[in-house]
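Let's take a friendly walk through a protein model, one part at a time. Keep the picture in view as you read.

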Amino acid sequence: MKSDIHPDYHEITVIMTDGTTYKTRSCMGKDGDTLRLDIDPKSHPAWTGVQRIVDTGGQIAKFNKKFAGIGARKG
C-alpha cells in the first residue's frame with residue numbers, strides 16, 4: 001500500500017435531529033469536529049413512513065415566490 005495517499009481517518013461527533021449524539025470515525029473535517037444532521041433515520045420518510053416537508057434554507061419559499069403567478073387565471 002502506498003504511504004501518504006489516504007485521507008486522515010479520525011473521530012467526530014454526530015448530532016441527530018432529536019439532539020442525541022454519538023461518536024464515530026470519518027474522513028470529514030478534523031479530529032473532534034461535529035456533524036449536525038438535517039435528516040436522519042429517525043426523521044426520514046423512507047424509514048418512518050410519515051411524509052413531511054423539510055425546507056432547509058427556504059428552498060420551497062424561493063420556489064413558490066418564483067412561480068407564484070404561473071397558472072393563476074386573470075379575470
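## Two strands side by side

A good place to begin is the pairing of β1, which covers residues 10–15, with β2. These two strands run in the antiparallel sense and are joined over six bridges. Strands of a sheet pair through backbone hydrogen bonds, and the pairing can be parallel or antiparallel. If you would like one facing pair to look for, find I15, which stands opposite T21 in β2.

The two strands also make a hairpin, with five residues between them. In this hairpin, look for G19, which takes a positive phi near 100 degrees. Please remember throughout that this is a predicted model.

## The whole sheet

In which order do the three strands of the open sheet lie? The order is β2-β1-β3, and the pairing is mixed. Because β2 (21–26) and β3 (34–36) stand at the edges, each has a single partner strand, and one side of each is left without a neighbour in the sheet. Neighbouring strands here are turned by 35 degrees against each other on average, ignoring direction.

## The chain as a whole

Stepping back, you can count two helices and three strands in the protein chain. Following the sequence, the pattern reads β-β-β-α-α.

How much of the chain is buried? Of its 75 residues, 12% are buried. The accessible surface comes to about 6600 Å², and carbon and sulfur atoms account for 54% of that. There is also a figure for contacts between residues at least 6 apart in sequence: 7% of these join residues at least 24 apart.

## A buried aspartate

Now move to the loop between β3 and α1 (45–48), where D40 has its place. Is D40 buried or exposed? With a relative accessible area of 2%, D40 is buried, because anything under 20% counts as buried.

What does D40 touch, if we leave aside its neighbours within four places in sequence? The answer is M16 and T17. For T17 there is a finer detail: its backbone nitrogen lies 2.9 Å from a polar atom of the D40 side chain.

## A look at helix α1

T48 sits in helix α1. At 34% relative accessibility, T48 counts as partly exposed, because this value falls between the 20% limit for buried and the 50% limit for exposed. Not counting residues up to four places away in sequence, T48 touches P41, K42 and S43.

## One pair of rings

A pair of aromatic rings is described by two things, the distance of the centres and the angle of the planes. This structure holds one aromatic pair. It is made by F63 and F67, whose ring centres are 4.9 Å apart and whose planes stand at 50 degrees, so the pair is tilted. F67 has a relative accessible area of 34%, so this residue is partly exposed.

## An unusual backbone angle

Most residues other than glycine have a negative phi. What is the phi of D4? It is positive, about 65 degrees, although D4 is not a glycine. You will find D4 in the segment before β1. With a relative accessible area of 79%, D4 is exposed, because the limit for that label is over 50%.

Methods
Residues numbered from 1 in each chain as written. Predicted model: local features only at pLDDT ≥ 70, side-chain atom pairs only at ≥ 80, totals over all residues. Heavy atoms only, no water. Pairing = 2+ DSSP bridges. Helix = DSSP H or I, 4+ residues; strand = E, 2+ residues; numbered from the N terminus. Axes fitted to C-alpha atoms, helices over the stretch in contact; angles between N-to-C directions. Buried < 20%, exposed > 50% of the residue type's maximum accessible area, 1.4 Å probe, protein only. Polar contact = N/O pair within 3.5 Å; in protein donor to acceptor, adjacent residues only side chain to side chain. Contact = heavy atoms within 4.5 Å. Phe/Tyr/Trp six-rings, centres within 6.5 Å; stacked < 30°, edge-to-face > 60°. Areas by Shrake-Rupley, 256 points an atom, 1.4 Å probe, with all protein chains shown as cover.
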